[in-house]
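Here is a short set of exercises to work through with the coordinates open beside you. Each one gives a task, and a step-by-step solution follows.

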2 protein chains.
Amino acid sequence: MGLARMAHRRSTLCSLSRCLTQPGLWSRGFASLPDPIGEEQGPINSKDGKVLHPELLNTNFVNAEYAVRGELYLKGEELRKQGKEIIFTNVGNPHALGQKPRTFNRQVMSLVTCPTLLDHPKVGELFPADVIARAKQCSTYFNGGLGAYTDSRGSEGVRKEVAAYIEKRDGYPSSPDQIFLTDGASPAVRYMLNAIIRNDKDGILVPVPQYPLYSASIQLLGGKLLGYYLREDSNWSMDIPSVKRQVAQARSEGIAVRGLVFINPGNPTGQCLSYDNLKDIIQFCQEEEIVLMADEVYQTNIYQDERPFVSCKKVMMDMGEPYSKHELLSFHTVSKGALGECGLRGGYVETTNIHPGTVDQIYKIASINLSPNTTGQLGMALMVNPPEEGSESYEQWKQEESSVMESLRRRAQIMTDGFNACEGVSCTFTEGAMYSFPRLDLPQKAVQAAKQAGKSPDTFYCLKLLEDTGILTVPGSGFGQEEGTLHLRTTILPMEEKIKEVMSLFQNFHKKFMDEYR
Amino acid sequence: MGLARMAHRRSTLCSLSRCLTQPGLWSRGFASLPDPIGEEQGPINSKDGKVLHPELLNTNFVNAEYAVRGELYLKGEELRKQGKEIIFTNVGNPHALGQKPRTFNRQVMSLVTCPTLLDHPKVGELFPADVIARAKQCSTYFNGGLGAYTDSRGSEGVRKEVAAYIEKRDGYPSSPDQIFLTDGASPAVRYMLNAIIRNDKDGILVPVPQYPLYSASIQLLGGKLLGYYLREDSNWSMDIPSVKRQVAQARSEGIAVRGLVFINPGNPTGQCLSYDNLKDIIQFCQEEEIVLMADEVYQTNIYQDERPFVSCKKVMMDMGEPYSKHELLSFHTVSKGALGECGLRGGYVETTNIHPGTVDQIYKIASINLSPNTTGQLGMALMVNPPEEGSESYEQWKQEESSVMESLRRRAQIMTDGFNACEGVSCTFTEGAMYSFPRLDLPQKAVQAAKQAGKSPDTFYCLKLLEDTGILTVPGSGFGQEEGTLHLRTTILPMEEKIKEVMSLFQNFHKKFMDEYR
């Protein structure tokens, strides 16, 4: 891409998404580099003897930023290697903070992994009968066992279990042929965006704040990120007028608005969208011909009773035609919920009302990668189809599952209350998902100090917090935030015996920080 | 991309790579679609009410083709669902054809997967002591167990074991910080190509024939595929003059030649490159500033003694400066070798002499995906560091390992001999990897019949073979082949008790085919 074209592209950024694209605000510790290739003078192939010189890489590759493992994470890792105790609340990774896996699930997995154990005469002495039965059943889903590639959409047996789960959840049909199993939800999102985005005139609506998988992937794929604001003063609900304004603005600039992403429950914002909010957005997207991308990976992480999770698909089907015929992509994962099996990398996308020719194309592209990993697929089967009530393992499974969920609910409250007790901090209640996203009202002196340090104020604050307490968070600028506001994201995942200590560490730091910069 | 620009791009195809780009030759059963967007009339966002209409997707997404799971595979799946027995020799997937996993490896994996089993008082009754010890050691590589995301480069403990393996293999240092663990080798290849390819003026040299991961990924990333021929008459060795011609031709068309891929042992061609052949290509790439991409996933699949595997890194280091400072990316996997753990999706890329700023960029992009799957990482640790001689599990492990390798060696011979016994078929010996790639000299009448059926002659032949015998192969056109030649690829993976039957099915079919079309 020539310099002239790049400059043109930069100038067409929508003002509403400016907060998502201002240099520095997304900073990950890697500087944005100049346009590495000028068509005018022909391609440059090496610098200082290196073909893969950082200034000669793919521009989108270089410019993509991902704050969750950005500057703060790298600093945290550095401190950890120096011997400092780091509390990793930068990423929703519950097992790393001590959460235990479900005993039943891992028992089944160990038997499917090791066929000689499943066939061992003493297996019944170590495993309950229902574990053994489920392992035998799951083994049939993998022709050749876990060591064989499955179909590139994933095992048909697992996809059938996923479809049954969706049907039971929503009360509407689901087909295993419309489901693609993937190595976590992230690759599923990328496949879909790759199909949708044709060039930098194709725009994807993404909430502000958002999970930076979206901004990074859209950048990597050379598309146009269109930010729409969530309303912090209304519990981070989707603000339809903001969406409409963004669509109108983008279209006036010649952008094709192709997709709208929403995250429910929200990341980093923790809100649970209401049924009516979902209805409004479906209606708008149907009328405006915009594909819905529903990131529902936190669907079982709900910490209030007023707004239980309802899937976008269910609302769409409830609405009847023409809405029930609208194009929808829904994402889910084994990494979240009470399960939190992040390391397995199991996810899926359900494609609803997508043109069969397009589903074929997605299937083809999935095939280049041959197969999602089988352990993640098995983990998915066990998540969507847990032990039945009355079965031998049910009570233990239920107790483990409930204790995680109940504790998360208490932790959501402890975190929110803790933040709200601080001077200049306000935090909406974490209704769902795994994060608190408190707003920080920092003194002018702190803003000045950040400027002098060459950091955005929230990055400055989070770095100080890390150095002082070992608490590793992510600055709000990594997710996008309304201009003039500052936030940070923390998970609510430190174990319950630990979380009060974390909060008190935070509060002491915050008081000190405010005293220093007030 | 406008129509004019597309047309320009199509017209600049290098003649040497024409065989890789002629319409139809790569056909996977999905038609190539017209340029879906014309900038002239502004972006079109929907057709027949669908935003994700197949004609309105990303062009590169639509045009990427992957024959290994292409038209033949889809037909095979269709026949299988109709009840026909299909012999899946289209993809190197040994466990699907009955190969068993290593007992030791799966025992360790089952214990790491299920911590309650590892801690069970009776565990010693079901598992040997060295399995338990190794499981305990491997557990320390995963902070939070297999359910936690690791560092996005993969667990440091596993990377250390990989580095130790490489050091032992080559006799040169390797650093865990230069290694990225991935969900199989395929994503590693894609990450690297994504960094390298900036636009359609960036060319990647790829062998003809090649494994279509490369052509598909280059297309998907919008780069320029530059085919160079392997010499069938010289056991598919790399033909340096062909590489040189291709580089000169590409440069004369304004293409920056950025990388050269080679596959050793070869896929689909089965050759083992000689030390001198490697030296020549390293010298050429160093002089011409072209990054080496060494696909060495079949490094332990060797079926002859004259040319043992030698890594590109070792040859490069042996050569001394300036060659030992050249940029190299080397790929490996748990899916191949005697292990064949395809389903685990474990792979790595070692980056040698790559600019640290570029390694940082790759690390950043890997972070968007958070973590490679942990089971694949564990599988990698066990592959690179098997039980030691003299340990309790060694004998069984060794016996299992050797029996697979010895059998593969016999099967390579059976396949090659079987093909060479057929009229009009000639097949170079499968020196390594998992494939035979016989050349077919088909009668003119068959070529005509194929033309009438709208198929390339090799596709026509492979479809007939599938329908008649259930043997699922991939036509040579899916890999690229010299104009006027025809081939097919089959794995040598059917179990030994089955492979003679497969070969006799093939021979009977071939005779019938030749009789019909002679």
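**Exercise 1. Classify R518(A) as buried or exposed, then do likewise for its salt-bridge partners E423(A) and D515(A).**

Step 1. Keep in mind that you are working with a predicted model. The cut-offs needed are under 20% relative accessible area for buried and over 50% for exposed, with partly exposed in between.

Step 2. R518(A) has a relative accessibility of 52%, so this arginine counts as exposed.

Step 3. E423(A) comes out at 41% and therefore counts as partly exposed. D515(A), with 42%, is partly exposed because that value also lies in the middle range.

**Exercise 2. Describe the salt bridges that R518(A) forms with E423(A) and D515(A), and find the network they belong to.**

Step 1. Begin with E423(A): the closest N and O atoms of this glutamate and R518(A) are 2.5 Å apart.

Step 2. Place both ends in the chain. R518(A) sits in the segment after helix 20 (496–517) of chain A, while E423(A) lies in the loop between helix 17 (394–420) and strand 10 (425–426) of chain A. The two are 95 residues apart, and the pair links distant parts of the chain.

Step 3. Turn to D515(A), whose salt bridge with R518(A) has its closest N and O atoms 3.0 Å apart.

Step 4. For context, the whole structure holds 52 salt bridges over all chains.

**Exercise 3. Which parts of chain B does the salt bridge between E496(B) and R410(B) link, and how exposed are the two residues?**

Step 1. In E496(B) and R410(B), the closest N and O atoms are 2.5 Å apart.

Step 2. E496(B) belongs to helix 20 (residues 496–517) of chain B and R410(B) to helix 17 (residues 394–420) of chain B, with their positions 86 residues apart.

Step 3. E496(B) has 24% relative accessibility, so it counts as partly exposed. R410(B), at 43%, counts as partly exposed too.

Step 4. Now close the open point from Exercise 2: salt bridges with shared partners join E423(A), K511(A), D515(A) and R518(A) into one network.

**Exercise 4. Characterise the interface of chain A and chain B by its area, polar links and residue classes.**

Step 1. Together the chains bury about 9700 Å², and 56% of that is on carbon and sulfur atoms. L52(A), F61(A) and Y149(A) supply 9% of the area that chain A buries against chain B, more than any other three residues.

Step 2. The contact draws 114 residues from chain A and 114 residues from chain B.

Step 3. Two salt bridges cross the interface. The side chains of K122(B) and E125(A) meet in a salt bridge at 3.0 Å, N to O.

Step 4. There are also 53 residue pairs in polar contact across the interface. Helix 15 (residues 356–368) of chain A gives ten residues, the largest share of the side of chain A that touches chain B.

Step 5. By class, that side has 53 nonpolar, 39 polar and 22 charged residues.

**Exercise 5. How many residues of helix 16 of chain A are buried, and which residue caps its N-terminal end?**

Step 1. Helix 16 (residues 374–384) is mostly covered, with eleven of its eleven residues buried. Among them are L378(A), M380(A) and V384(A).

Step 2. The cap is N373(A): a side-chain oxygen of this residue lies 3.2 Å from the backbone nitrogen of T375(A).

Terms used:
Residues are numbered from 1 along each chain as its sequence is written. Chains are lettered from A and ligands numbered from 1 in the order in which they are written. This is a predicted model: local features need pLDDT of at least 70, side-chain atom pairs count only at pLDDT 80 or more; totals for chains, interfaces and linings use all residues. Side-chain values use heavy atoms; hydrogens and water are left out. Contact means heavy atoms within 4.5 Å. Buried area is the accessible area (1.4 Å probe) that two parts lose on being put together, summed over both. A salt bridge is a side-chain nitrogen of Lys or Arg within 4 Å of a carboxyl oxygen of Asp or Glu. A polar contact is a pair of N or O atoms within 3.5 Å; within protein, one must be able to donate a hydrogen and the other to accept it, and residues adjacent in sequence count only if both atoms are side-chain atoms. Helices (H or I, at least four residues) and strands (E, at least two) are DSSP runs, numbered from the N terminus. Ala, Val, Leu, Ile, Met, Phe, Trp, Tyr, Cys and Pro count as nonpolar, Asp, Glu, Lys and Arg as charged, and the others, Gly among them, as polar. Buried means under 20% relative accessible area, exposed over 50%, partly exposed in between (1.4 Å probe, protein chains only).
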